[in-house]
Amino acid sequence: MRRVGQVAIAATGPVSLAAGRTVARAGGNAVDVAVAAALAAMATEPGIVSLGGGAFVSVWAAGEEPVVLDGNVEMPGRGLPRDAFGRGVREVYTEYGGGVTMFAGHGSVATPLAAAACEDAVTRFGVAPWAEVVAPAAVACRDGYPMGAAAARYLGFVADSLFGTDPEAHGVVTSSDGAPLRAGQVATNPMLADVLDLVAARGAGVLTTGEVGRAMVADMAAHEGLVTAADLEQAVPVERVPVRRIVGDWDLAVNPPPSVGGPMLAVMLGELARHGSYDWADVLAVQQAVLRYRFEVHDVATDLDAAGHALLSSVDRHGLAGLPTSASTAHVSTVDADGLACAVTVSAGYGAGITVPGTGMLLNNALGEPELNRLGLHALAPGTRLASNMAPTTGRAADGRVIAVGSPGADRITTALMQVLGQGCLHGADLRTAIEAPRVHVRFDASGRPVVEHESDPAITAAVHAAGLRATDHGARSMYFGGVGAAYRREDGELLAAGDPRREAAVEVVAGA
């Protein structure tokens with residue numbers, strides 16, 4: 001294995017960071033390190049992410065074109081009769097996030113591709129053996145991992161209501177006395193450790209066409225789920241060409257259609273670049289225009305790929321005037337001394353509340369997330385990639401600077417990244433200042449009226465009042481506004497990493513072997 005020098009890591013928490021550190025010290029490059037950190041997060045942050053979800057991996061090597069590996073979840077149901085759809089779900093309400101109603105159960109599970117995308121990235125762009133990249137996640141599950149604050153907070157709301165119907169799933173998210181796992185409490189998942197050992201030895205196919213995949217298909221068939229053997233055999237990661245935007249000195253590569261988050265971020269950054277020197281009034285105006293389009297048009301499109309490209313083409317030609325009218329994620333960013341950038345965003349939705357029996361592996365509820373299924377339950381054709389807010393981003397400047405950046409936070413992903421990249425690329429803010437600055441997010445209520453969610457700041461309050469908009473002040477640095485993590489190489493080659501104080505900031509620059 002060719003040895004790589006330093007690697008800057010912005011991880012999801014201490015367990016994720018430790019996994020990345022282990023692989024970096026063994027000589028892994030930015031892709032190996034990012035994937036190791038992401039796998040550890042998926043294995044040890046139950047309720048936030050899991051191996052049974054989806055992922056996007058953005059890679060940009062020096063002297064090459066950027067690439068996005070789309071491992072997002074797919075609509076399942078290949079080979080099933082029409083009357084099999086619309087079943088197998090139960091409604092769950094939680095006070096988390098101000099109140100969320102979702103569907104859970106076997107019928108809420110979309111075909112997972114996260115592990116396959118991660119393996120593809122390491123095979124194509126990494127230098128470390130796949131088994132070494134997976135190993136830290138298995139060790140953490142077997143030896144014990146401290147529960148992160150974000151996961152503990154979510155499980156405090158849903159441990160019983162969401163996960164209580166499946167004893168195995170409930171055991172993963174609770175302690176021996178049945179209480180939700182608390183922040184800092186050490187948990188283990190030996191069944192998942194065994195699964196990860198198999199994945200390390202035989203590849204991610206274990207989860208699709210192997211033992212775990214077969215167990216999943218059998219359990220789905222027994223409980224009105226839609227995932228079939230044909231889905232797991234035919235669903236594969238897709239290489240996509242990122243959407244490029246010049247923002248100040250930066251050439252940014254963002255997640256392309258059929259992702260929703262990437263095109264929205266590209267349009268918002270493009271509009272800020274048109275303004276050049278912008279203020280909070282401009283931020284509110286851009287967000288309101290772009291996100292109204294998303295609410296009224298894009299989220300109810302039957303062809304997200306075509307809709308995304310139509311949006312980008314329209315705005316390129318006409319600006320915002322050309323717009324037609326009508327739960328949970330985690331992110332890892334890495335940059336290494338060679339200038340290789342990797343950004344990985346993973347999601348399992350709010351969770352289906354179930355595992356693949358005997359594996360300890362929690363499954364996604366992507367089909368049961370209302371904001372990602374505006375057309376209705378099970379409305380898409382089998383094999384269709386689902387909508388996604390995920391927007392992992394990489395970028396380069398002519399003077400040698402490199403960045404990998406992203407965020408969790410549902411529909412706040414795009415607005416968080418818009419503001420961080422806008423301040424860094426256009427206002428010259430350093431990385432930490434850009435991440436720690438106050439944020440705003442425009443959302444639309446059920447009647448289509450805009451509401452500004454914002455952190456406490458006098459200038460934001462003044463801009464909201466001047467625009468005559470309704471608003472909610474969330475105080476200082478609320479987790480509602482995401483958790484941006486960025487890795488960065490300066491023009492002189494120095495590596496930096498910055499994490500968001502709104503979530504657990506786990507960052508480090510690690511020297512390779």
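**Helices, a sheet and some unusual backbone angles**

Good morning. In helix H5, which spans residues 149-158, the buried residues include Ala150, Ala151, Ala152, Tyr154, Leu155 and Val158. Please keep in mind throughout that this is a predicted model. What covers the buried residues of H5? The cover includes strand E4 (90-94), strand E5 (100-104) and helix H6 (167-173).

Let me turn to a pair of helices. Helix H2 runs over residues 30-44, and Ala40 is found in it. Is Ala40 buried or exposed? Its relative accessible area is 1%, and the cut-off for buried is under 20%, so Ala40 counts as buried. Leaving aside residues up to four places away in sequence, Ala40 touches Val15, Ser16, Ala19 and Ala137. There is also a distance to note: Pro14 lies 26 residues from Ala40 along the chain, and the C-alpha atoms of these two residues are separated by 10.0 Å.

The partner of H2 that I wish to discuss is helix H4, residues 130-143. The axes of H2 and H4 come within 9 Å and cross at roughly 30°. Angles under 35 degrees count as roughly parallel, and H2 and H4 are therefore roughly parallel to each other. Their crossing is right-handed.

Which residues meet at this contact? From H2 come Asp32, Val35, Ala36, Leu39, Ala40, Ala43 and Thr44. From H4 come Trp130, Val133, Val134, Ala137, Ala140 and Cys141. By character, the residues of this contact divide into 11 nonpolar, 1 polar and 1 charged. A general point helps in reading such lists: an α-helix has 3.6 residues a turn, so residues three or four places apart point the same way.

I now move to the sheet. This is an open sheet of 6 strands, in the order E9-E10-E15-E16-E20-E21, and the pairing is antiparallel. Which strands form the edges? They are strand E9 (243-247) and strand E21 (495-498), each of which pairs on one side only. On average, neighbouring strands of the sheet are turned by 15° against each other, direction ignored.

Within the sheet, strand E16 (residues 402-406) pairs with strand E20 (residues 485-489) in the antiparallel sense, over 5 bridges. At this pairing, Ile403 stands opposite Tyr488 in E20. A helix packs on the sheet as well: H10, residues 261-275, touches E9, strand E10 (250-254) and strand E15 (393-397). The direction of H10 makes about 20° with that of E9.

Finally, some remarks on the backbone. Most residues other than glycine have a negative phi, and most peptide bonds are trans. Against that background, three places deserve attention.

In the loop between E10 and H10 we find Pro258. The peptide bond from Pro257 to Pro258 is cis, with omega near 15°.

His378 belongs to the loop between strand E14 (361-362) and E15. Although His378 is not a glycine, it has a positive phi of about 60°. With a relative accessibility of 3%, His378 counts as buried.

Ala410 sits in the loop between E16 and helix H13 (412-426). What is the phi of Ala410? It is positive, at about 55°, although Ala410 is not a glycine. Is Ala410 buried or exposed? Its relative accessibility is 11%, so Ala410 counts as buried.

Thank you for your attention.

Key:
Residues are numbered from 1 along each chain as its sequence is written. This is a predicted model: local features need pLDDT of at least 70, side-chain atom pairs count only at pLDDT 80 or more; totals for chains, interfaces and linings use all residues. Side-chain values use heavy atoms; hydrogens and water are left out. Helices (H or I, at least four residues) and strands (E, at least two) are DSSP runs, numbered from the N terminus. Buried means under 20% relative accessible area, exposed over 50%, partly exposed in between (1.4 Å probe, protein chains only). Contact means heavy atoms within 4.5 Å. Axes are lines fitted to C-alpha atoms, for helices over the stretch in contact, and angles run from 0 to 180 degrees between N-to-C directions. Angles under 35 degrees count as roughly parallel, over 145 as roughly antiparallel, 65 to 115 as roughly perpendicular and the rest as oblique. A crossing is left-handed if the near helix is turned anticlockwise from the far one by less than a right angle, and right-handed if clockwise. Ala, Val, Leu, Ile, Met, Phe, Trp, Tyr, Cys and Pro count as nonpolar, Asp, Glu, Lys and Arg as charged, and the others, Gly among them, as polar. Two strands pair if DSSP finds at least two bridges between them.
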